[in-house]
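Visitor: Please take me through the ligand sites of this model, one after the other. I would like the surroundings, the polar contacts and the cover.

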Amino acid sequence: MKITLTANKKVKPDFSKLGFGKYFTDHMLVMDYKDGAWQEPEIIPYGPFQMDPSTCVLHYGQGIFEGLKAYKDANGKITMFRPYDNFKRMNRSATRLCMPELDVDKVVEALKELVLVDQDWIPTEPGTALYIRPTMIAYDAMLGVHPAHNYKFFIILSPVGSYYASGMKPTKIMVEDKYVRAPLGGTGEAKCMGNYATSLLAGDIANKKGYEQVLWLDAQEKKYIEEVGAMNMFFVFDGVVKTPELVGSILPGITRDSVIKLLKYYGKPVEETRVSLDEIQENIEKGTFNEAFGSGTAAVISPVGTLNIHGEDVIINGGEMGEITSFLYDRLTGIQYGRYEDPFGWIVRVN
Ligand code: PLP
Ligand code: COI
């Protein structure tokens, strides 16, 4: 692979005050699709693209992305968490958006090279990681509404801390009863740009009311829980962990899948099922609504302390992180950071 190193390395930020997605490393990977085929990937200095103002993605949003993380331990060993699964999901998103699929093995190999080139940017402070953002955009300069013939795929890297400003403090989430995220048959299960643009208004209204995120309900009946803007949801009712089943309108999260596998591995009851607002209400009344948490690459395992349902705040587990949430946080991050053995084959070595 052709690698062009930058002559102007940036000054690194304070790795103990990273926040999420604010800093970018010195290099990026780019790969163009033209004449019906992906060209060779290249690593080049991080910098802007030149785009014609008529470029398709700017008008019709034919664009998809992924999110995964790399970690470095005290001995300098670098790993990534489930990268093959991210690129397989990217290919499913590509199919939904009429975009070309990637060669998963080849892209993971190229990504390893990029992570190695910028390995000094992998933070090692507790709770930090190198966030990896693969993206694919339609690149034709042309205003007709049609699947493009040219695409640009790129990967950028960002050293990150926790996704929520409040860190591991349980979040406040508002159930959204006016707007919906994705109907059945829509693009909910694809990681496409438009899903995020259309979620902004509800999120902004919730923020102004003091909530960090909205919890989406199903678009048909507004009765069943779907997910939060950047994470899948889990509820613990009377000791049983329940998560919305994958019906086509929610993102099949890789962290969600890891949580389910961890729970099964440790013999804890877990169900992928429909979770209704009625069931939440019943468990509140019976006093059996034990815990709620979200799962995601950026969010990791994120406890929910307050759920606002139809204007009423429900405080979960006294607003504190629950036992199962904290067990899962420990096990998942333990595997990711190499504190525990990985019996699942999720960890991919980079060096
Ligand atoms: N749901 C949405 C809408 C997301 O954007 C994300 C983040 O990627 C998730 C769920 C969690 O998915 P994953 O665990 O693969 O990061
Ligand atoms: C992720 O967790 O990787 C995401 O993509 C969530 C968000 C930053 C959009």
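Guide: This is a predicted model. Start with the residue classes around ligand 1. Its shell holds five nonpolar, seven polar and four charged residues. There are 16 residues around ligand 1. Those that come nearest are Arg89, Tyr196, Glu227, Thr255 and Thr297.

Next, the polar contacts of ligand 1. The side chain of Arg89 places an N or O atom 2.7 Å from an oxygen atom of the ligand. For the side chain of Tyr196, the distance from an N or O atom to a ligand 1 oxygen is 2.5 Å. Ile254 takes part through its backbone: a polar backbone atom there is 2.7 Å from an oxygen atom of ligand 1. As for cover, ligand 1 has 380 Å² of accessible area on its own, and the protein covers 96% of that.

Now the location. Ligand 1 sits in the largest pocket. Three elements give two or more residues each to its shell: strand β13 (231–237), helix α6 (254–265) and strand β16 (289–296).

Turn to ligand 2. The space that ligand 2 takes is the largest pocket. Tyr196 and Thr297, named above for ligand 1, are also among the residues surrounding ligand 2. The others around ligand 2 are Phe20, Phe65, Gly67, Tyr131, Arg133, Tyr163, Lys191, Ala230 and Ala298. By class, the ligand 2 shell has seven nonpolar, two polar and two charged residues.

The domains come next. Domain 1 (2–161) and domain 2 (171–336) each give at least three residues to the shell around ligand 2.

Polar contacts of ligand 2 follow. Tyr131 has a polar side-chain atom 2.6 Å from an oxygen atom of the ligand. Lys191 also uses its side chain: a polar atom there lies 2.7 Å from an oxygen of ligand 2. Ala298 contributes from the backbone, with an N or O atom 2.8 Å from a ligand 2 oxygen. On its own, ligand 2 has 290 Å² of accessible area, of which the protein covers 89%.

To recap the links between the sites: both ligands are assigned to the largest pocket, and Tyr196 and Thr297 appear around each of them.

Methods: Residues are numbered from 1 along each chain as its sequence is written. Chains are lettered from A and ligands numbered from 1 in the order in which they are written. This is a predicted model: local features need pLDDT of at least 70, side-chain atom pairs count only at pLDDT 80 or more; totals for chains, interfaces and linings use all residues. Side-chain values use heavy atoms; hydrogens and water are left out. A residue is near a molecule or strand if one of its heavy atoms lies within 4 Å of it. A polar contact is a pair of N or O atoms within 3.5 Å; within protein, one must be able to donate a hydrogen and the other to accept it, and residues adjacent in sequence count only if both atoms are side-chain atoms. Accessible areas come from the Shrake-Rupley method with a 1.4 Å probe; for residues, only the protein chains shown count as cover. On a 1 Å grid over the protein atoms alone, a cavity is a set of points where a 1.4 Å probe fits but cannot get out, and a pocket is an open set with protein on both sides within 12 Å along at least five of seven lines; lining residues have an atom within 4 Å of a point. A molecule sits in a cavity or pocket if more than half of its atoms lie within 2 Å of its grid points. Helices (H or I, at least four residues) and strands (E, at least two) are DSSP runs, numbered from the N terminus. Ala, Val, Leu, Ile, Met, Phe, Trp, Tyr, Cys and Pro count as nonpolar, Asp, Glu, Lys and Arg as charged, and the others, Gly among them, as polar. Domain bounds come from an automatic or database domain assignment.
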